[in-house]
Amino acid sequence: MNIQINEVKEGSHTVVPSFSFEAGLTGVYADIKRTQVIMHQMKHKSYLHCTNEGLAPRLTVEETFRYHRDLSGYQVPLQEMIASFGLQHVQKTKVKDLSESHRNCLSFLPTFLYSGDMLLIEEPFDRLDEEGRQVMIQLIRKLADKQKTILLLGYNLEELLFVTEDIYRIDQSGFHKMDFNSEPAAAAEQEQPVIKIEKIQTKHEGKTILFNPPEIDYVESVDGTAQVNVAGKGYNCTLTLQELEKQLRPYGFYRCHRSYIVNLQKVREIITWTKNSYSLKLNDRESSVIPLSRAKLAELKELLGVS
Amino acid sequence: MNVSVKRMRAIFIKDYKEFSRNYAVSTMVLMPLILAFFYQNAGASTLDMYFLPINMTFAVVTTFIQACLIAEEKESNTLRSLMMSPASMADILIGKSTLVFSITLVIIALTITILGFTPANLLILTVGLMISAVFYIGLGIICGLFTKTVMEASVAVLPVIGVFSIGALALGLAETYPVLEVLKWLPSVQLILLEGYSEAGYTSDIVIALSVITAWTVAVLVVAGVLFKKRMKDE
C-alpha cells in the first residue's frame, strides 16, 4: 500500500508538498510543524502513533499486555510478548509507577498490535533510554517485516538512521531523498589534510582578539584604519583594507565600496535609493545598511547570482 | 457489527481493575449504602422513602461510574487507541456497561436489604430495576462523552441526581404547583408507581409504568449510540 500525502499550503507558502511513499520503511526528516500537518492529514487513512499515547495507569504491565492482546485477538504467549518489549523484570509494576522510558516502550504496544497496512510513527525514539531504543528498533523492524508501509517522522536524523537509510527531507519544492553515500568522505580522509587557518587579528582595549572570517559582518574604513564589525561591535585592525580584501576574498567577502568590505553571506537585501545610489542591507544583529558603489553593482550581482 | 465475547471480557476485566484501584470512584458505591442505613434508622416506611436511596443509587453509582469509565479513557488518552483497536462500538459499550450493571444490581440488592423493604412482587420490581439500570447506564454514557476527566464527570452527574433522584421528591409539591404533575412521567417516579401498582395488583397500570421506563431507556440508548458513533468518527 502506498501512502499518499497531499500538498498543504499556507497562503502561497507550501508547507508540505505532495508525495507518494511506497511500501516499506521510510523515514521523513521533518520539523514539528510539518510532522503535525502530515499526521493531521493522515488521521483517517492510516494508524497514527503519537508521542503522547496514553495507557491505563492503574493496570500492571502484565495486565496491560493481557488486555491489549485479548482485544487484538493475537495468539501470542504473554511472556514472549513482554520480553520483546524488554519489560519482563517490571511486569508486576503498575503503569503509573514505571520509568518514563519503560512507559514509552509500553505505549507502543497498542500500535504494535492494532496498526493496519499503513502506520505513521511520530518521533519513534522520543524520550527513550538506550535500552528502550534497542527495543524500539527491534519492534519497528518486526512491523516492517510484516510488509507494512511505515513512515517514521522525526527531526532527529541520527535516530531515524537507526532503522532506515531511506530518509527524505522536505522543503517547499518537494520531498528529497537524502544521500548517505559515505565514499567521498572516506577518500578525502586519505589525503594529507592541509591545515590552513586564516584568522583576522584585531585590537580591542589593549587585547588581541582573533576572528574567524565567517563571523565578520563587514569591514569599514574609519579615519584611515580598518574597523572589523562583528555582531554589531567594531574592532580596530592593523591591516589595511587592501590587505584585508585579499585575505578575506576566498571567504566570500567583497569590496563593495572604496571604504567597505562586505561578507556576502550576510547580505539580505540590495536597496535601490535612486538610479545611481544603492545600499546593501545585512542580516546581522543591527540590520546594518552599508553603501554600494554604482560601479560595483554589476559585478556584485554576478557574484551573488542574482539579476 | 461484529461482537466478540473475548474482547468484551478483556474490557470488563480491565475496567474492573481500573475501577477497583481508583478509590475516588469506587468509594462512591458506599454512599447509597450509608444513606440506606440512615433511612432505616430514621424509620422509613413509605414507598417514597424506600425508593429515594434506590433512585440515588442509580444516579451516583450507575450513571457516575459509567461516565467515569468513559471519561477516564479520555483523561488517560487511551480512547483513541481503543477506538482504533479491533473492538467494535458494541464490544466497548457492552464490556463497560456489564461491569456497571453488575455493580448496580449488587448495590441495589444491598440497599433494599439494609432498608428492610420487602417488595410486593419481586419479579416485577426486578424487571423494573433492571430496565432502569440500563436507562441510567445510557445517561452515564452521554455524561461520559461530554466530559474529559473524572472530575468533570462528577459534576456532570449532578443534573442527573437533580432531575431524576430529587424529581421524585418534588412530586410531593404537585398539589401546590400543578405544573409539577409532569414529573409523574419521569422513570424514577414511574418506578415508585410501579411498586405501588404491583402492591395493589393493577395489571394494566403495571404494563404502562414498565413501558414508560422502557421508552425512556430506548430513547437514551439511541442518543448515546449516535453520540458515541459521532465521537468514534472524530477520532
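**Close-up views of a predicted two-chain model**

**View 1. A buried cysteine, A:Cys50, in chain A.** At 16% relative accessibility, A:Cys50 counts as buried, because buried means under 20% relative accessible area. Please keep in mind throughout that this model is predicted. Does A:Cys50 sit in a disulfide, or in no disulfide? A:Cys50 is in no disulfide, and its nearest cysteine sulfur, from A:Cys105, lies 17 Å away. Searching the whole structure turns up 0 disulfides over all chains.

**View 2. A second buried cysteine, A:Cys256.** Here A:Cys256 has 0% relative accessibility and therefore counts as buried. A:Cys256 is likewise in no disulfide. Its nearest cysteine sulfur belongs to A:Cys237 and is 17 Å away, whereas a disulfide needs the two sulfur atoms within 2.5 Å.

**View 3. The fold and extent of chain A.** Chain A combines 10 helices with 20 strands. What radius of gyration does chain A have, set beside that of a compact globule of 307 residues? Chain A has 28 Å, but such a globule would have a value near 19 Å. The C-alpha trace of chain A spans about 85 × 45 × 40 Å along its principal axes. Of the contacts in chain A with a separation of 6 or more, 56% are between residues 24 or more positions apart.

**View 4. The surface and charges of chain A.** Chain A has an accessible surface of about 16600 Å², and 46% of that area belongs to carbon and sulfur atoms. Buried residues account for 46% of its 307 residues. On the charged side chains, chain A carries 37 positive and 41 negative ones, with the centres of the two sets 5 Å apart.

**View 5. The helices of chain B.** Chain B is built with 11 helices and 0 strands, so a walk from the N terminus on meets one α element after another. Its radius of gyration is 18 Å, which agrees with the value near 18 Å for a compact globule of 235 residues. The C-alpha trace of chain B spans about 50 × 35 × 35 Å along its principal axes. Among contacts in chain B between residues at least 6 apart in sequence, those joining residues at least 24 apart make up 81%.

**View 6. The surface and charges of chain B.** How much of the exposed area of chain B do carbon and sulfur atoms supply? They supply 71% of about 10500 Å². Of the 235 residues in chain B, 52% are buried. Chain B has 15 positive and 15 negative side chains, and the centres of these two sets are 15 Å apart.

Notes:
Residues numbered from 1 in each chain as written. Chains lettered and ligands numbered in written order. Predicted model: local features only at pLDDT ≥ 70, side-chain atom pairs only at ≥ 80, totals over all residues. Heavy atoms only, no water. Helix = DSSP H or I, 4+ residues; strand = E, 2+ residues; numbered from the N terminus. Rg over C-alpha atoms; globule rule 2.2 N^0.38 Å. Buried < 20%, exposed > 50% of the residue type's maximum accessible area, 1.4 Å probe, protein only. Contact = heavy atoms within 4.5 Å. Areas by Shrake-Rupley, 256 points an atom, 1.4 Å probe, with all protein chains shown as cover. Lys, Arg positive; Asp, Glu negative; His and termini not counted. Charge placed at Lys NZ, Arg CZ, Asp CG, Glu CD.
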